[in-house]
Amino acid sequence: MGGTRRLVVLAGPTAVGKGTVASYVRSRHPEVWLSVSATTRPPRPGEVHGQHYYFVDDAEFDRLEREGQLLEWATVHGRARYGTPRGPVDESLAAGNPTMLEIDLQGARAVREAMPEALFVFLAPPTWEDLVQRLVGRGTEDEAERERRLETARTELAARSEFDRTIVNDDVARAGEELVSLMVDPPTKD
Ligand code: 5GP
């Protein structure tokens, strides 16, 4: 099994825990190659350039985009830009590695246009209430902000039907292992 069948694209609603599942895979499964995105957002404490992200300024992001070096890119939450460097993904697939992208829904749609043979995995919350809890937390936002976030969550959850597989994030390790099993022994798309 070669080519882009080994490519898994993990996406899902905001706050469902995609980053946490990706971190689990990164630390426990070195056989899986995880794409490192470029972003214009500043690093958070503990984030390492070249490991979690390539932290670039607007001019550098413009250049990557202009030169066609990004497989996809999107503005996330109306704030920073994020994009997947194309070359390293191609190299990883050519080397036969299980390869994974953890990106937002817009990005997943763009990759589906470019690489329809990839396996698209939707990470879902165990319940709607669980997602609401993660999104609005202790309710420090005002009513308008709360409504805006819930509306976003409803729209994002509806994207599930666009995906090949759904993994429920009921437990990070369990969800991570299910994800890896799809890459190491890729299922036939139906
Ligand atoms: P964070 O800033 O919390 O690390 O990530 C915010 C969001 O950006 C997450 O939903 C993550 O999936 C998304 N993201 C990270 N890298 C990329 C990328 O290369 N492309 C796209 N489209 N989204 C990304």
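**Exercise 1.** In this predicted model, work out which polar backbone atom lies 3.2 Å from an oxygen atom of the ligand, then look for polar side-chain partners.

*Solution.* Start with the backbone: the partner is G83, with one of its polar main-chain atoms 3.2 Å from a ligand oxygen. Polar contacts are N or O pairs within 3.5 Å, so this one makes the cut. Next, go to the side chains. E102 puts a polar side-chain atom 2.5 Å from an oxygen atom of the ligand. For a ligand nitrogen, check E72: an N or O atom of its side chain is 2.7 Å away. Now for burial: on its own the ligand exposes 520 Å², and the protein buries 87% of that.

**Exercise 2.** Where does the ligand sit, and which elements give two or more residues to the shell around it?

*Solution.* First, the site: it's the largest pocket. Then the elements: β5 (70–76) and β6 (80–85) each supply two or more shell residues. Zoom in on the 15 residues around the ligand, and S37, R41, Y53, Y82 and E102 turn out to come nearest. Finally, sort the shell by type: 5 nonpolar, 4 polar and 6 charged.

**Exercise 3.** Why is the F61 and W73 pair classed the way it is?

*Solution.* Begin with the total: there are 4 aromatic pairs in the structure. For F61 and W73, the ring centres are 5.9 Å apart and the planes sit at 75°, so the pair counts as edge-to-face. Last, place the partners: F61 belongs to helix α2 (residues 58–66) and W73 to strand β5, so the pair links distant parts of the chain, 12 residues apart.

Methods. Residues are numbered from 1 along each chain as its sequence is written. This is a predicted model: local features need pLDDT of at least 70, side-chain atom pairs count only at pLDDT 80 or more; totals for chains, interfaces and linings use all residues. Side-chain values use heavy atoms; hydrogens and water are left out. A residue is near a molecule or strand if one of its heavy atoms lies within 4 Å of it. A polar contact is a pair of N or O atoms within 3.5 Å; within protein, one must be able to donate a hydrogen and the other to accept it, and residues adjacent in sequence count only if both atoms are side-chain atoms. Accessible areas come from the Shrake-Rupley method with a 1.4 Å probe; for residues, only the protein chains shown count as cover. On a 1 Å grid over the protein atoms alone, a cavity is a set of points where a 1.4 Å probe fits but cannot get out, and a pocket is an open set with protein on both sides within 12 Å along at least five of seven lines; lining residues have an atom within 4 Å of a point. A molecule sits in a cavity or pocket if more than half of its atoms lie within 2 Å of its grid points. Helices (H or I, at least four residues) and strands (E, at least two) are DSSP runs, numbered from the N terminus. Ala, Val, Leu, Ile, Met, Phe, Trp, Tyr, Cys and Pro count as nonpolar, Asp, Glu, Lys and Arg as charged, and the others, Gly among them, as polar. Rings of Phe, Tyr and Trp (its six-membered ring) pair if their centres lie within 6.5 Å; planes under 30 degrees apart count as stacked, over 60 as edge-to-face and the rest as tilted.
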